[in-house]
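Please find below my notes on this model, set out as numbered points. They take up charged side chains and strand pairing in turn, with the terms explained where they come in.

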Amino acid sequence: MSKITSPKSLLAGALSLVFCATAPLSLANNDLPDLGTAAVNTFSLEKETVYGDAYMRVIRSSAPILNDPVLTQYLKELGDKLVAHATGVKTPFYFFLLRNDEINAFAFFGGHVGVHTGLFLNADNESQIASVLGHEITHVTQRHLARSLEAQEKSSTATMVGMLGAILLTIAAPQAGMAALATTQALATQAKINYTRLHEKEADRIGMQILVDAGFDPNGAADFFAKLATRYRFTTKPPQMLLTHPLPESRITEARNRATQYPHRYVPDNIDFQLAKARIQVRFSSYSEEAALALFDTQLKKRSYTFKNAALYGKALALFRAERFDEAESIIDNLLKEDRNNLFYIDTKTDLLIERKAKDDAIALLETQRKLKPTSQVVNINLANVYIESNQATKAIPLLEDMIFLDRQNQLPLFLLRDAYKKTGNKAMEHFVSAESMALGADYKGAIDQLNFAYKLSADNPLQLARIEARIRQFKQSNRALEELK
């Protein structure tokens with residue numbers, strides 16, 4: 001399915017100052033705690049969850065979040081595989097991608113782990129990406145941000161409030177936020193700085209154990225560290241990740257030594273990582289149309305690829321981007337003959353069928369896949385999209401509602417559900433769903449306006465009126481809490 005991204009830009013890295021987490025909230029739970037009366041050492045998991053939800057909503061409004069179902073599903077499956085081997089997991093994790101060529105990843109309150117597309121562009125294999133995710137997962141399970149705050153219990157409560165508020169402001173208004181955060185951080189002592197370094201060491205150590213237990217190469221961490229250190233050794237402007245996760249020589253050496261403590265084993269690369277990387281290179285990076293096609297033509301000519309099929313997939317995407325649809329479809333059809341259930345190929349095949357207006361064929365392909373993978377985001381999003389495109393929006397609605405029930409943080413099903421209700425002429429629900437989407441992006445005032453429109457159109461539906469009234473009250477409360485944080 002073609003990409004849908006937030007149109008606003010983000011000054012990347014602001015949130016890299018944040019380290020910790022827990023899990024997604026239901027849409028109904030939007031209350032923010034009153035930190036003005038809370039002690040630092042009572043910063044609970046519940047409060048982390050609520051703050052994480054608030055931060056994530058602001059990120060959606062200002063960051064180039066990548067709502068690509070194929071990449072989102074790949075990242076989620078990779079992240080979940082690592083989390084399954086972590087200890088101390090108390091809440092669910094939520095992994096998301098940002099379209100940014102900077103090399104960076106970060107974790108923050110609420111179990112949220114953000115990954116820049118630049119991380120994929122610079123990693124050579126899945127173990128390297130997994131090593132970064134394992135590190136961030138450890139920041140979450142060890143509650144490093146909460147522990148940092150507790151270490152400052154001799155500071156005033158206002159200092160903690162100022163730090164949290166400045167982080168949120170940094171997301172919404174980067175220049176003002178960074179100034180506020182710098183002022184707050186100036187109050188920190190050398191002990192606080194050392195404590196953060198201990199967090200990094202702990203995340204490296206436990207993160208590698210997660211990496212190994214999940215079946216990845218323990219050398220992934222040291223290899224990626226060494227690659228970054230070599231590339232940016234003499235640069236005056238290192239990537240954001242090296243500002244928040246410094247790479248002294250000792251850290252790389254420790255990673256190498258730690259890796260040798262595990263039994264040697266051969267860990268083959270995963271083709272899905274190479275397919276994800278190719279997809280990002282063509283669709284979500286700074287490569288021009290010509291450069292993207294040349295990249296994969298060169299790989300195929302020189303055989304400089306890890307997997308030939310990944311290079312062919314990249315070429316097919318580049319041909320699609322150049323509107324050379326017949327050539328792209330020929331490659332995808334051959335790839336599907338070898339792996340007919342591969343979701344990377346199926347997603348692109350669906351796009352190609354839509355381009356040549358063979359929507360019935362696309363529906364047949366996706367309905368077959370849905371029998372095999374009933375909860376797949378890739379299959380259901382693509383199927384709902386084709387239903388809407390082919391004037392069968394009523395069939396899309398239950399698919400999308402199920403997806404929203406399973407993942408309340410994903411805006412993409414809401415975007416499509418709004419379009420589906422628009423196609424069916426249900427104006428009240430179109431406004432209601434628009435409100436939910438706006439609320440996920442922290443635009444509570446806009447959401448309330450949409451709910452007011454929905455209310456006027458729901459006069460003959462008492463149950464819907466009550467539902468709308470409840471959401472208006474919740475959004476007003478959430479908006480007040482968000483303003484207090486800023």
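1. With a relative accessible area of 27%, D223 counts as partly exposed, a class that lies between buried (under 20% relative accessible area) and exposed (over 50%), judged with a 1.4 Å probe and protein chains only. R256 is likewise described as partly exposed, at 32%. The two residues form a salt bridge in which the closest N and O atoms are 2.7 Å apart, the term standing for a side-chain nitrogen of Lys or Arg within 4 Å of a carboxyl oxygen of Asp or Glu. Because D223 lies in helix α9 (residues 219-231) and R256 in helix α11 (residues 249-260), the pair ties together parts that are 33 residues apart in sequence. Helices here are DSSP runs of H or I with at least four residues, strands are runs of E with at least two, and both are numbered from the N terminus.

2. Before going further, the basis of these remarks should be stated: this is a predicted model, in which local features need pLDDT of at least 70 and side-chain atom pairs count only at pLDDT 80 or more, while totals for chains, interfaces and linings use all residues. Residues are numbered from 1 along each chain as its sequence is written, and side-chain values use heavy atoms, with hydrogens and water left out.

3. The structure holds 15 salt bridges, and a second one that links distant parts of the chain joins the side chains of D297 and K315, at 3.0 Å from N to O. D297 belongs to helix α13 (residues 289-302) and K315 to helix α14, with their positions 18 residues apart in the sequence. D297 is partly exposed at 32% relative accessibility, and K315 is partly exposed at 23%.

4. What is the setting of the salt bridge between D53 and R57, whose closest N and O atoms are 2.8 Å apart? Both residues are in helix α1 (residues 45-62), and because they are four residues apart there, about one helical turn separates them. D53 is buried, with a relative accessible area of 7%, and R57 is buried as well, at 2%.

5. Salt bridges also link E329, D333, K349 and R356 in a network. A negative surface patch, on the other hand, is formed by E289, E290, E323 and E355; patch residues have over 30% relative accessible area and no salt bridge, like charges being joined within 9 Å and nonpolar side chains (Val, Leu, Ile, Met, Phe, Trp, Tyr) within 5 Å. Of these, E323 lies in the loop between α14 (308-321) and α15 (325-338), and its relative accessible area of 61% makes it exposed.

6. Turning to the strands, β1 (residues 94-98) is joined to β3 by five bridges, and the two run parallel; strands are taken as paired if DSSP finds at least two bridges between them. Because five of the five residues of β1 are buried, β1 is largely enclosed by the rest of the structure. Y94, F96 and L98 make up one covered face of β1, and F95 and L97 the other. Opposite F96 in β3 stands G114, and opposite L98 stands H116.

7. β2 (residues 105-108) and β3 (residues 112-116) run antiparallel and are joined by four bridges, with A107 standing opposite V113. Three residues lie between the strands of this hairpin, where G110 takes a positive phi near 90°. In a regular strand the side chains alternate between the two faces of the sheet. In β2, A105 and A107 point one way and F106 and F108 the other, all of them buried. In β3, H112, G114 and H116 on one side and V113 and V115 on the other are all buried.

8. Two further pairs deserve a look on the display. D360, in helix α17 (residues 359-372), is exposed at 59% relative accessibility, and its C-alpha is 9.3 Å from that of Y387, 27 residues apart in sequence. K427, in helix α21 (residues 427-440), is partly exposed at 44%, and its C-alpha is separated by 7.3 Å from that of L457, 30 residues apart along the chain.

Technical notes:
Areas by Shrake-Rupley, 256 points an atom, 1.4 Å probe, with all protein chains shown as cover. Lys, Arg positive; Asp, Glu negative; His and termini not counted. Charge placed at Lys NZ, Arg CZ, Asp CG, Glu CD.
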